[in-house]
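Me: I am new to this structure and would like to learn how to read it. Please take the features one at a time, with the general idea before the case.

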Amino acid sequence: LPYANAGLGPVKHVACGAYHSCMVLVDGRAFCFGKGTSGMLGNGGSSNWNTPQEVVGIQPELMALGMDHTCAVASGDVYCWG
């Protein structure tokens, strides 16, 4: 994903929801972009972003997205927001 990851580094996982997308990088960081009005981007805000925004507070291994929410697995625990 050379365009979507904006040079952030190698991507190991991508997840797409109805109005937002997320990626987990090889280094453990996660980024989301798209519609954020329900807080589903995980950056602590509720704005829409067309550039990747870093997910705060966790380093997920996997992510799954719905219409207005995001879930992630990190260190064996499941986290959801939005």
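Reply: Start with exposure: a residue is buried under 20% relative accessible area, exposed over 50%, and partly exposed in between, using a 1.4 Å probe and protein chains only. Cys16 counts as exposed because its relative accessibility is 56%. This is a predicted model, in which local features need pLDDT of at least 70 and side-chain atom pairs count only at pLDDT 80 or more, while totals for chains, interfaces and linings use all residues. Residues are numbered from 1 along each chain as its sequence is written, and side-chain values use heavy atoms, with hydrogens and water left out.

Me: What is a disulfide, and how many does the structure hold?

Reply: A disulfide is a covalent bond between the sulfur atoms of two cysteines. Here it is assigned to a pair of cysteine sulfur atoms within 2.5 Å. The structure holds two disulfides. With bonded cysteines counted along the chain, their pattern is 1-2, 3-4.

Me: Which cysteine forms a disulfide with Cys22?

Reply: Cys32 does, with the two sulfur atoms 2.0 Å apart. The pair links distant parts of the chain, since Cys22 is in strand β2 (residues 20-25) and Cys32 in strand β3, ten residues apart. Strands (E, at least two residues) are DSSP runs, as are helices (H or I, at least four), and they are numbered from the N terminus. Both Cys22 and Cys32 are buried. Their disulfide is right-handed because the torsion about the S-S bond is about 105°.

Me: Why does Cys16 have no bond to Cys22?

Reply: The closest cysteine sulfur to that of Cys16 is in Cys22, but it is 8.6 Å away, which is too far for a bond.

Me: How do I read a sheet, and what is the order of the strands in the open one?

Reply: Two strands pair if DSSP finds at least two bridges between them. The open sheet has three strands in the order β5-β6-β7, with antiparallel pairing. Its edge strands, β5 (62-65) and β7 (77-81), each pair on one side only. Neighbouring strands of this sheet are turned by 20° against each other on average, direction ignored. For such angles, axes are lines fitted to C-alpha atoms (for helices over the stretch in contact), and the values run from 0 to 180 degrees between N-to-C directions.

Me: How many bridges join β6 to β7?

Reply: Five bridges join strand β6 (residues 70-74) to β7. One bridge matches Cys71 with Cys80 in β7. Cys71 and Cys80 also form a disulfide, with sulfur atoms 2.0 Å apart. The torsion about their S-S bond is about 110°, so this disulfide is right-handed. Cys80 is exposed, at 51% relative accessibility.

Me: Which residues is Gln53 in contact with, beyond its neighbours in sequence?

Reply: Contact means heavy atoms within 4.5 Å. Leaving aside neighbours within four places in sequence, Gln53 is in contact with Ala30, Phe31, Cys32 and Asn43. Gln53 belongs to strand β4 (residues 49-54) and is buried, with a relative accessible area of 15%.

Me: Where is Gly45?

Reply: Gly45 lies in the loop between β3 (30-34) and β4. It is partly exposed, at 31% relative accessibility. With neighbours within four places again set aside, Gly45 is in contact with Gly36 and Gly39.
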